[in-house]
Amino acid sequence: MHGCWSKKGLPRILPTVSICLVEIQTLAAVKSAAEILPIPGQVHLQLENTSQKHTRDGKPFLELHLLDATASLTLRIWSDHPDYTLLAALPPGSFHEMSGEFFRNGNFGIDARKFAFRPLSEEERAELLAGPAQIRIRQAADYADILRLVATLVDPRLRALAGLFLEELGSRFARSAGARFVHHARRGGLVEHTAQMMRAADALAPVYATLNRDLLLTGTLLHDCGKLWENHVPENGFDITLDERGELLGHITIGVELVNSLWRKLQPHFDSWTDLQPPTEQVRLHLLHLIVSHHGTNEFGSPVVPKTPEAIALHQIDNLDAKLEIFAMGYLQLPLVAPRIHEKVRPLNQHLITPLPAVVAPLPPDDVPPESPTPDA
């Protein structure tokens, strides 16, 4: 296919290439397919930044760090490439359509050749930032579940606090990442992580009668609220940006500060809560304990270890959801190194084994009526 860069009348910024193109894909889909065979691809993405580097022999080359809602890609361009100067001048944060042939380049990972770029229109940029339809739908459903579960909180203090958090910081929360590298490390990942944890906490609470459901659900919502700074994603990009507050304090310390700040804003309601049990100050302290202990141990960043049923439940739910996300992403992204055995996943330092599918009981044929119950003797 030739001359594709005239799409929608946009100017080309690099020469046309002759390759067979397919419909717009995500970086994750292209990278996954290219692990098996080289494939032509057409991807909408953002240029995070460009690095100028040198080989051991002093030969200069570029590294273009590219992002979309699903994955990242580092594209290396050597100085003898005809468009080296043009590519070096692309502004950080700019949005492009990239077309080329994607392939696995040995130990360097997924690479591309015969590629070209063109700038995205405003409409295309907005669509890219919103994410693929599947992610948009999933994250919208997750946010709706968070709102639904907050509305079920019986304790008016915790319900008011959770509502105030979502009212004041909902948009920042909705685009923050769950982590930088290990799990849910993407725009909107924190909402996915939090919603799944809240659903798990809601399911677990009736099983263990000692758990304070309201406290556990509110702590689950707010346990990572400091990541709105530590893992902040800007309105106009996918990059998990560095924030001075996040770097200096970390998300646990920021979470304590934020919850205390929101709590003070609820002071006009304190008089109406005087007769509530447990006392309001105890509720605040136990909620803060969930935030400071959710990493489980001192060595993993918690200043104190879990000392209440809700704290240990929150820690285990958090750990479980993070681990299962690592497994899920590993199955999607890591190639097989032997039958049913995937390449090692770094955070766990182990090979992933293809899981067994669940057994589904066969349905009875439509023409066979159900057996009649045996009458009582």
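This passage describes helix α6, its packing against α7, and the residue N231 in a predicted model. Local features were considered at pLDDT of at least 70 and side-chain atom pairs only at pLDDT 80 or more, whereas totals for chains, interfaces and linings use all residues. Residues are numbered from 1 along each chain as its sequence is written, and side-chain values use heavy atoms, with hydrogens and water left out.

Helix α6 comprises the 16 residues 189–204, helices being DSSP runs of H or I of at least four residues, numbered from the N terminus. Its end C-alpha atoms lie 23 Å apart, which agrees with the expected 22 Å, a span calculated as 1.5 Å times one less than the number of residues. Among the buried residues of α6 (under 20% relative accessible area, 1.4 Å probe, protein chains only) are L190, E192, H193 and M198, and the elements covering the buried residues include α4, α5, α7, α8 and α11.

The axes of α6 and α7, 9 Å apart, pack at an angle of about 165°, with axes fitted to C-alpha atoms over the stretch in contact and angles running from 0 to 180 degrees between N-to-C directions. That makes α6 roughly antiparallel to α7, a term applied to angles over 145 degrees. At this interface, T194, M197, M198, A201 and D202 of α6 meet R213, L216, L217, T220 and L221 of α7, contact meaning heavy atoms within 4.5 Å. The residues of this contact divide into 6 nonpolar, 2 polar and 2 charged.

N231 is located in the loop between α8 (227–230) and α9 (244–265) and is buried, with a relative accessible area of 3%. Residues up to four places away in sequence aside, N231 touches S176, A177, G178, A179, R180 and I240.

Key:
Helix = DSSP H or I, 4+ residues; strand = E, 2+ residues; numbered from the N terminus. Buried < 20%, exposed > 50% of the residue type's maximum accessible area, 1.4 Å probe, protein only. Parallel < 35°, antiparallel > 145°, perpendicular 65-115°, else oblique. Nonpolar A, V, L, I, M, F, W, Y, C, P; charged D, E, K, R; others polar.
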